[in-house]
Amino acid sequence: MSETTGASYASAGVDIEAGDRAVELMKEWVKKTQRPEVLGGLGGFAGLFDASALKRYERPLLASATDGVGTKVDIARQMGVYDTIGHDLVAMVMDDIVVCGAEPLFMTDYICVGKVHPERVAAIVKGIAEGCVLAGCALVGGETAEHPGLLGPDDFDVAGAGTGVVEYDRLLGADRIRTGDAVIAMASSGLHSNGYSLVRHVVFDRAGMALDQQVDELGRTLGEELLEPTKIYSLDCLALTRTTEVHAFSHITGGGLAANLARVIPDGLHATVDRSTWAPGAIFDLVGKAGQVERLELEKTLNMGVGMMAVVPAGSVDAALTTLADRGVDSWVAGEITERGDHATGAELVGDYAR
């Protein structure tokens, strides 16, 4: 009779010891994100945040958001670079939260892998922690899940959820916007974290490019460009609300500039954005030409060089631009708010891009 060995979690492909080591490696990075309101550390079943800190608010509103990074994670996997994708995750979550004027408070993450490589997981968390520092929020916990059989040994995905707070009478949005307001654009750092299904199809399948290919117009390799982290605007936006009057923000993500800006434009008003006020980066031109992608399709998919927009009263423009310049944010007046005509939508782009 042949001997048989009983099944175990390890034989099914889950390595508990590797998971424990990953937690130990990430602790130092999580510690760097701590705010005074955070209680305890990693290892508990839930992250704790002292809500008594909200007593200074008259009527605190909690703002929450959740998101992922999409197929950009496959670029990180192919390049073997794992410590930047976390910046993208924090930006996608916390820059949604700051749109209503909320201060980011804390965030949790979820990392799903085919096989736990402790150093790799720790590198992902390092990037998330660095992003949280840039957003001013704490990383209070998370989960690393190993899914052998569903994901390949090197495959992974990330997601996160965050919470912020804003005073009720400081809430930003469509109801504050008025005719004559100016639309200020803040430059993106590149593609950010949207449209990568189109981008990957174009550069790999249609153009046959390689990640290690040096691209002169980009000034670096294709992979370095595609992995450029999403800019985190949270603290820049909050600085604007402290130094001048702001009516609304719009985070330019999936759907493009016009569609996202339209989300904060009230009925009866219209935002016109002039393309001639900026020149999109070389990566946008590369994707358009390599895939023969029509301009409208590009604009519906990619941010075209603008990652965040602010709607401010005309009298606040100079102060807003000065604040952003002092913080190293490239910004400019890109458009205005007018009465909506019979055939107008919430927002539209006009003119041709500067070259």
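Which residue in β13 does L269 stand opposite? Have a look at the structure while I talk, and keep in mind that this is a predicted model.

The partner of L269 is E339 in β13. That pair belongs to a longer stretch: strand β11, residues 269-274, and strand β13, residues 331-339, run antiparallel to each other and share five bridges. β11 has another partner too, strand β14, residues 347-350, and here the pairing is parallel, over four bridges. If you want a landmark for that side, find T272, which sits opposite E348 in β14.

Let's stay with β13 for a moment and pick out S331, which lies in that strand. Is S331 buried or exposed? Its relative accessibility is 16%, so S331 counts as buried, since the cut-off is under 20%. And what is S331 in contact with, once we leave aside its neighbours within four places in sequence? The list is I184, A185, M186, L321 and L324.

Now over to a helix, α5, which covers residues 196-206. Its buried residues are Y196, V199, V202 and V203. Viewed down the helix axis, those buried residues fall within an arc of 130°, so they line one face of α5. Here's the general background: an α-helix has 3.6 residues a turn, so residues three or four places apart point the same way.

What do the buried residues of α5 pack against? They meet three helices: α2 (72-79), α6 (222-226) and α9 (282-290). One last stop, just after α5: G208 there takes a positive phi of about 65°.

Thanks, everyone, happy to chat about any of this!

Notes: Residues numbered from 1 in each chain as written. Predicted model: local features only at pLDDT ≥ 70, side-chain atom pairs only at ≥ 80, totals over all residues. Heavy atoms only, no water. Buried < 20%, exposed > 50% of the residue type's maximum accessible area, 1.4 Å probe, protein only. Helix = DSSP H or I, 4+ residues; strand = E, 2+ residues; numbered from the N terminus. Arc of directions from axis to C-beta. Contact = heavy atoms within 4.5 Å. Pairing = 2+ DSSP bridges.
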